[in-house]
Structure formats: structure tokens, C-alpha cells
Amino acid sequence: MSLYKTTLITGASQGIGLSLANEFAKNGHDLVLVARSEDKLLKIAQNLGAQYDIKVTPLPFDLIPTGSAIKLFTQLAEMEITIDILVNNAGMMQVEKLYESDMDVMNNLMQLNINSLVNMTRLFVGPMLSRGYGKVINVASIASFMPTPTFSVYGASKAFVLSFSESIAEEMKDSGISVTCVCPGFTQTDMLSHAEGLEKYIPTFLKASPEGLAADAYKAAMNNEVIFIDKLANKMLVQWAKHYPRWIVRGVTGFFSRFT
Ligand SMILES: NC(=O)c1ccc[n+]([C@@H]2O[C@H](COP(=O)([O-])OP(=O)(O)OC[C@H]3O[C@@H](n4cnc5c(N)ncnc54)[C@H](OP(=O)(O)O)[C@@H]3O)[C@@H](O)[C@H]2O)c1
């Protein structure tokens, strides 16, 4: 752990990001926690700091506006905080057919799930490369591996995250920086419960707890795994999507999308 002192986690105010914050805290890392909800971040920072005797810096930030990643990066440099592990977890979902989608929501989704993640990575790997060590953890989804009718923009954004993460993992292979793309399946968080059309059709055994996912994702990142898929059922689903002809996978996802 000694090399990897400080971890920045985006979307740390709830859900998977909060569970990751707990997991990193438990393992002795100092934290920088980013999300929009200042009150939640302050409370979490106080609790984790006291419970694990670590330094926790809450940084309320909206990652959607253009230029927010650079503002955040500059602010941390001014605070003289060095980031050893970057966790790009913040994300949003939109469950709607494309032609019924609110375009502002759709654009915000692409800004947060794609642009912000790329900019954050681009900025924070610079100092990591100079030091010769660091880790990037990007949260994608099992949706990265298959078409996702009725949440097409979300699925495509996660396919982007997987492709991007694998590419930069290769680019930085010999640099001392590892890149881990965490691909959760359905996970019991507000994101899932707000996707009402989707949530009611998902059997309980397929839903993971964010705490369990965070613990396994932490281990995968520490072991420098490039792709981490949680739960056997998700691994099987991904294998199915990879090995069956595309038209079958498309047809099956299209069939299930009729119920959402
Ligand atoms: N839950 C699942 O089933 C599932 C499955 C696969 C992948 N994932 C991925 O896992 C990640 C976390 O999802 P989750 O389920 O934990 O979602 P969640 O409970 O909705 O949490 C999302 C987090 O992102 C933050 N966030 C949202 N918009 C933001 C913005 N504009 N700027 C900064 N922070 C922002 C939220 O905090 P504020 O509202 O305070 O800003 C919150 O902390 C996402 O990338 C998601 O796509 C989730």
C-alpha cells in the first residue's frame, strides 16, 4: 500500500463510489472524494477520517461542465495533494428509447460518462508517469460488452470506457501505471432503483451489493487486472455476448428491451 498513498474517487457520495471509498479507507489510503452533494461528502469524510485514521478531503464538484476536470486538477495541485490512484466512478444512466430521450440529459450523460472520464485520466496520469507509478480504475459495466436497446447511449458510453481503458492499459504497460476497467453487473444502488423499467425484471440473485463489488474491485486493481467483471452470472453473460453471433445477441437484448 505504501506507494499508493492517496486515492481520488469520483461519485463518492453514494452507491458504488461510497463503497469504494470505504474499501480504500479500510486499506489505509488517504482519500479525495468528489461528487456534487457537499453535505454528504462532508459527513462521509468526517466518518471515514475518524474511523480509519486517514486524511479525507471532500471536494464538491460537478464534473459535467466543460473544463471541470482541469479545474479539479488545478485545485488539487494548489492544495499540494498528489493522487496515486484515480477512480473514475461517477456516472449517470438514462433509460429511454433514443427518439424519446431528453437531449440535455443525453448530452450530460456523454459529458460525464465519457468526456469527463477521459479528461480526468489524461490529466492525472501525467504526474503518475513522471513518478513511475500509479493506478487508474475506470468503472464501466457489463453493458460495455453488448448492445443495450432502451438505454443505448448509456451502453455505448460504457463500451467506450472499456475500449479506452484497454487501449491505455497497453499504452502504459511498461510505465508502472496499471489500468483496471471494473465492469459491474446489476448492483443495488440508487442508479438501479431509479431505472424502474429495468429494475423490476432483474432477479434478486443477479443483483450485487456495492460493498461486495467494491471489495473485489479493490483486489483486482491491486493485482493489476485490466478487466474485472464481478459475479459468475455476469462473467457467463459476457462470455455469451462475446461468443454468440452478433445478430443473436442483438435480437435477445432487443426482445428483453420490450419489457422495459
Ligand atoms: N448500479 C448499477 O447497477 C451499475 C451497473 C454497472 C455500472 N455501474 C456504474 O457504476 C458507477 C456508479 O454507479 P452507482 O450505481 O453507484 O450510481 P449512483 O448511486 O447513482 O451514484 C452516482 C454517483 O455519481 C455522482 N455524480 C452524478 N453526477 C455527477 C456529476 N455531474 N458530477 C460529479 N459527480 C456526479 C453522484 O453524486 P452526486 O449526485 O452527489 O453528484 C453519486 O455519487 C457509474 O459509473 C455506473 O454507470 C452501475
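How many bridges join strand β1 to β2, and do the two strands run parallel or antiparallel? In this predicted model, 5 bridges join β1 (residues 6–10) to β2, and the two strands run parallel.

**Figure 1. Strand β2 and its pairing with β1 in the predicted model.** Strand β2 spans residues 30–35 and is mostly covered, with 6 of its 6 residues buried. D30, V32 and V34 point one way from the strand, while L31, L33 and A35 point the other way, and all are buried. Within the parallel pairing of β1 with β2, L8 has V32 as its bridge partner in β2.

**Figure 2. The largest nonpolar core and the contacts of A21.** The largest nonpolar core comprises 67 residues, and those with the most contacts inside it are I9, A12, A21, L31, L33 and V34. Helix α4 (residues 103–131) contributes the largest share of this core, namely 7 residues. When its neighbours within four places in sequence are left aside, A21 is in contact with I9, A12, L31, L33, I44 and L48. Of these partners, L31 and L33 belong to the group of β2 residues that points one way together with A35.

**Figure 3. Helix α1 and the residue that follows it.** Helix α1 (residues 15–26) has 12 residues and reaches 17 Å from its first C-alpha to its last, close to the 16 Å expected at 1.5 Å a residue. Because 11 of its 12 residues are buried, α1 is largely enclosed by the rest of the structure. The buried residues of the helix are G15, I16, G17, L18, S19, L20, A21, N22, E23, F24 and A25. After α1 comes G28, which has a positive phi, near 85 degrees.

**Figure 4. The shell of residues around the ligand.** The ligand is surrounded by 29 residues, of which the closest are G11, G15, R36, S37 and G91. The elements that give two or more residues to this shell are α1 and α6 (190–194). By residue class, the shell divides into 14 nonpolar, 12 polar and 3 charged residues. G15, one of the closest residues to the ligand, is also among the buried residues of α1.

**Figure 5. V153 in helix α5 and its contacts.** V153 lies in helix α5, which covers residues 152–171. This valine counts as buried because 20 other C-beta atoms lie within 10 Å. Apart from its neighbours within four places in sequence, V153 is in contact with Q94, M106, L109 and M110. V153 and M128, by contrast, are 25 residues apart in sequence and 31 Å apart in space, taken from C-alpha to C-alpha.

**Figure 6. Two loop residues with positive phi, D53 and K231.** Most residues other than glycine have a negative phi. D53, which is not a glycine, has a positive phi near 55 degrees, and this residue is found in the loop between α2 (38–52) and β3 (56–60). D53 counts as exposed because it has 9 C-beta neighbours inside 10 Å. K231, likewise not a glycine, has a positive phi of about 70 degrees and is placed in the loop between β7 (227–229) and α9 (232–243). K231 is buried because 20 other C-beta atoms lie within 10 Å.

Technical notes:
Residues are numbered from 1 along each chain as its sequence is written. This is a predicted model: local features need pLDDT of at least 70, side-chain atom pairs count only at pLDDT 80 or more; totals for chains, interfaces and linings use all residues. A nonpolar core is a set of buried Ala, Val, Leu, Ile, Met, Phe, Trp, Tyr and Cys residues joined through C-beta atoms within 7 Å. Helices (H or I, at least four residues) and strands (E, at least two) are DSSP runs, numbered from the N terminus. Two residues are in contact if their C-beta atoms, placed from the backbone, lie within 7 Å. The expected span of a helix is 1.5 Å times one less than its number of residues. A residue is near a molecule or strand if its C-beta atom, placed from the backbone, lies within 6 Å of it. Ala, Val, Leu, Ile, Met, Phe, Trp, Tyr, Cys and Pro count as nonpolar, Asp, Glu, Lys and Arg as charged, and the others, Gly among them, as polar. Two strands pair if DSSP finds at least two bridges between them.
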